[in-house]
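This report goes through one protein chain, part by part. Keep the sequence and the structure at hand while reading.

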Amino acid sequence: MTQTFSFSLHGTDGRARTGTVHTPRGDIRTPAFMPVGTAATVKAMMPESVRATGADILLGNTYHLMLRPTAERVARLGGLHKFMNWDRPILTDSGGFQVMSLGALRKLTEEGVTFKSHIDGSKHHLTPERSMEIQRLLGSDIVMCFDECPALPADRARIRESMELSMRWAKRSRDAFGDRPGHALFGIQQGGLEEDLRAESAEALRGIEFDGYAVGGLAVGEGQEAMFSCLDFAPEQLPKDKPRYLMGVGKPDDLVGAVKRGIDMFDCVLPSRSGRTGQAFTRRGVVNIKNARHMDDPRPLDAECTCPACSNYSRAYLHHVFRSQEILSSMLLTWHNLHYYQELMAAMRAAIASGTFADFETGFHAARAQGDIEPV
Ligand SMILES: [Zn+2]
């Protein structure tokens, strides 16, 4: 197994790409979807089950882990991989985004962000240097730069100011990260929906040099059409020979549209969170298992799906355990959703490799347009 971090591009189809991110903890096949393990667990899933869905890598949240159980405690207990029993790659975010969305009484300065914990009100300070230290203590394989991201819509002056601060923090993150063979540091492009600001940000990041590049600041309320417009130019501004990661995205059709535009990596809470609220993603669209129409339905959620929820249980049973608020409901629907997402990524990788991505995309949208199977 390789002892360094690298990226090989195997093929392209239009602007869509397929490749492999090599890490000492294993390969990541791209396009890749990373399930979110916020508090050192992908909710309702055992790590071996997450792996069984086809996931090559998980995401952990710096903000949550620094507050509880704390990065220092995780380090004393052998690092995040050992702590949560996941020996494959882990990417951690920088904490910046969640401080701004979850932290209370935030104060933003050139130095960093001071905030109060949403758990116990305790006061914390997060800077690029501290974020790098926390992600090192956790043992993260792919570390994200500490950045700041305005909610959209925002005026151009605010987006520019924020982007420039993030680029100064990117340099400080790079300096603080240092030289850690086998571990990667990703820069994060900002600039809202503005092509010239995105280009300036990409230029600044290229000057610093990173192991991979994220498109940040999207999926913050701008809508799919605006996001795709931005992805028509943003990924192309980043180096071709490094992985490109679209943070916090998204719904299945977001993933297909973003892969088409040159994105290699994704993370999103949607498949796991939706699993807990009774929503299942299928090739024919979203199914709400709580609906009464499933009460007497002996058929599986998706007859073509090979996940445990579809192989062993009926819609009627899935409806029953959801209605009864049984823990198994979250477990089965989360498994199904993660399995669906990983199959979607595998299908896109195969389509890109065989030069049939356009056909894949047509079939993907046609199946969804059919809608769910007729009620019994
Ligand atoms: Zn299934």
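## The N-terminal sheet

Strand 1 and strand 2 (residues 16-23) run antiparallel and are joined by seven bridges. One residue pair shows the register: Ser8 faces Thr20 of strand 2. The model is predicted, and local features rest on residues with pLDDT of at least 70.

Strand 2 also pairs with strand 3, again antiparallel, through five bridges. Here His22 has Asp27 of strand 3 as its bridge partner. The link from strand 2 to strand 3 is a hairpin of two residues. Together the three strands make an open antiparallel sheet in the order 1-2-3. Strand 1 (6-13) and strand 3 (26-30) each have a single partner strand, so one side of each has no neighbour in the sheet. On average, neighbouring strands of this sheet are turned by 15° against each other, direction ignored.

## Two domains

The domain assignment splits the chain into domain 1 (6-268) and domain 2 (275-370). Their centres, taken over C-alpha atoms, are separated by 27 Å. Contact between them involves 26 residues of domain 1 and 22 residues of domain 2.

Which elements of domain 1 supply at least two residues each to the side that touches domain 2? They are strand 1, strand 2, strand 4 (32-35), helix 1 (47-52) and helix 10. Helix 10 gives the most to that side, with five residues.

## Helix 10

Helix 10 (residues 252-260) is largely enclosed by the rest of the structure, because seven of its nine residues are buried. The buried residues are Pro252, Asp254, Leu255, Val256, Ala258, Val259 and Lys260. Just after the helix, Gly262 adopts a positive phi of about 100°.

## Ile352 in helix 14

Ile352 belongs to helix 14. It counts as buried because it has 24 C-beta neighbours inside 10 Å. Leaving out residues up to four places away in sequence, Ile352 touches Gly11, Thr12, Asp13, Ala16, Arg17, Thr18 and Phe357. Among these, Gly11, Thr12 and Asp13 fall within strand 1 (6-13).

Gln279 lies elsewhere. Ile352 and Gln279 are 73 residues apart in sequence, and their C-alpha atoms are 29 Å apart in space.

## The nonpolar core

In soluble globular proteins, nonpolar side chains tend to be buried together. The largest nonpolar core in this model has 100 residues. Those with the most contacts inside it are Met34, Leu58, Phe186, Leu246 and Phe266. Helix 14 (residues 327-353) gives the most to this core, with 12 residues. Both domains take part: the core draws at least three residues from each of domain 1 and domain 2.

Phe266 shows how some of these residues meet. Beyond residues up to four places away in sequence, Phe266 touches Phe33, Met34, Leu246, Val249 and Leu255. Leu255 is also one of the buried residues of helix 10.

## The annotated active site

UniProt, in an unreviewed entry, lists Asp93 and Asp267 under "active site". They span 175 residues in sequence, yet their C-alpha atoms are no more than 10.4 Å apart, so they gather at one spot.

Asp93 is in the loop between strand 6 and helix 5. With 31 C-beta neighbours inside 10 Å, Asp93 counts as buried. Outside four places in sequence, Asp93 contacts Leu59, Asn61, Thr62 and Met144. Asp267 sits in strand 14 (residues 265-268). It too counts as buried, with 23 C-beta neighbours inside 10 Å. Its contacts, on the same exclusion, are Met34, Val36, Leu59, Met247 and Gly248. Leu59 thus touches both Asp93 and Asp267.

## The annotated binding site

The same kind of record, an unreviewed UniProt entry, gives a "binding site" at Asp93, Ser94, Gly95, Gly96, Phe97, Asp147, Gln190 and Gly217. Asp93 therefore carries both annotations.

Gly95 is placed in the loop between strand 6 (90-92) and helix 5 (96-102). Is Gly95 buried or exposed? It counts as buried, with 27 C-beta neighbours inside 10 Å. Setting aside residues up to four places away, Gly95 touches Thr62, Tyr63, Met66, Leu126 and Ser131.

Gly96 is found in helix 5. Gly96 counts as buried as well, with 26 C-beta neighbours inside 10 Å. Its contacts beyond four places in sequence are Phe146, Asp147 and Glu148. Of these, Asp147 is itself a listed binding-site position.

Terms used:
Residues are numbered from 1 along each chain as its sequence is written. This is a predicted model: local features need pLDDT of at least 70, side-chain atom pairs count only at pLDDT 80 or more; totals for chains, interfaces and linings use all residues. A nonpolar core is a set of buried Ala, Val, Leu, Ile, Met, Phe, Trp, Tyr and Cys residues joined through C-beta atoms within 7 Å. A residue is buried if 20 or more other C-beta atoms lie within 10 Å of its own, exposed if 12 or fewer, and partly exposed in between; C-beta atoms are placed from the backbone. Helices (H or I, at least four residues) and strands (E, at least two) are DSSP runs, numbered from the N terminus. Domain bounds come from an automatic or database domain assignment. Two residues are in contact if their C-beta atoms, placed from the backbone, lie within 7 Å. UniProt positions are given in the numbering used here, feature names are shortened, and annotations may be inferred rather than shown by experiment. Two strands pair if DSSP finds at least two bridges between them. Axes are lines fitted to C-alpha atoms, for helices over the stretch in contact, and angles run from 0 to 180 degrees between N-to-C directions.
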